[in-house]
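New to this one? Have a look at the structure below, and then let's walk through it together.

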Amino acid sequence: MRNTRQIVGKYAMRTIIVVSRKTILHAQVQIGGCESCSEDAGIIFEFVLDEVTGREALDTVYLLSEPAKCPACGARVLEDTLVEPVGMERAGRIYPSFIH
Ligand SMILES: [Zn+2]
């Protein structure tokens with residue numbers, strides 16, 4: 001079990017962003033599937049949030065105000081759920097190793 005110091009250390013240099021429902025819905029339309037339903041799910045949802053918010057996941061801790069929903073199968077999508085991106089040119093440039 002992690003203690004408080006470890007948790008604080010992990011987040012110390014990162015900005016915590018609470019993601020609003022509107023932003024979640026905006027990010028949701030940029031995914032074609034999730035790890036439950038798509039073999040092409042190759043990036044974590046945080047990277048889609050980067051695209052929508054213009055931030056960088058490496059410097060940001062996203063806290064979803066509610067889970068996103070996979071548009072293909074309806075499964076819950078959380079910050080670290082693998083998703084299949086659609087129409088994400090920027091993510092492809094920044095994280096080429098994560099895009100298949
Ligand atoms: Zn799905």
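Here is a short tour, from the overall layout down to single residues.

## The lay of the land

First things first: this is a predicted model. The chain has 100 residues, and 27% of them count as buried. You'll find four helices and seven strands in it, and if you read along the sequence, they come in the pattern α-β-α-β-β-α-β-β-β-β-α.

Contacts here reach a long way along the chain. Take the ones between residues at least 6 apart in sequence: 78% of them join residues at least 24 apart.

## How far to trust it

The mean pLDDT of the chain is 83, with 74% of the residues at 70 or more. Among the elements, strand β6 (residues 76-77) comes out highest, with a mean of 97, while helix α4 (residues 89-94) has the lowest mean, 49. Where pLDDT is low, the predicted coordinates shouldn't be read in detail.

## A three-stranded sheet

Now pick out the open sheet of three strands, which has the order β2-β7-β3 and antiparallel pairing. β2 (31-34) and β3 (43-44) stand at the edges with a single partner strand each, so one side of each has no neighbour in the sheet.

Zoom in on β3 and β7 (residues 82-85): the two run antiparallel and are joined by two bridges. Across from Ile43 you'll see Val83 in β7.

## The core

Which residues have the most contacts inside the largest nonpolar core? That core has 19 residues, and the best-connected ones are Cys34, Phe45, Val48, Leu49, Ala68, Val77 and Val83. At least two core residues come from each of α2 (21-28), β2, β3, α3 (45-53) and β4 (60-64). The largest share, four residues, is supplied by α3.

Val83 turns up again here: it sits opposite Ile43 in the sheet and is on that list of residues with the most core contacts.

## A closer look at α3

Is α3 mostly covered or mostly open? It is mostly covered, with seven of its nine residues buried. The buried ones are Phe45, Glu46, Phe47, Val48, Leu49, Asp50 and Glu51. Just after the helix comes Gly54, whose phi is positive, near 75°.

Leu49 is a good residue to click on. Leaving aside neighbours within four places in sequence, Leu49 is in contact with Val19, Ala27 and Tyr62.

Key
Residues are numbered from 1 along each chain as its sequence is written. This is a predicted model: local features need pLDDT of at least 70, side-chain atom pairs count only at pLDDT 80 or more; totals for chains, interfaces and linings use all residues. Two strands pair if DSSP finds at least two bridges between them. A nonpolar core is a set of buried Ala, Val, Leu, Ile, Met, Phe, Trp, Tyr and Cys residues joined through C-beta atoms within 7 Å. A residue is buried if 20 or more other C-beta atoms lie within 10 Å of its own, exposed if 12 or fewer, and partly exposed in between; C-beta atoms are placed from the backbone. Two residues are in contact if their C-beta atoms, placed from the backbone, lie within 7 Å. pLDDT is the predictor's confidence in each residue, from 0 to 100.
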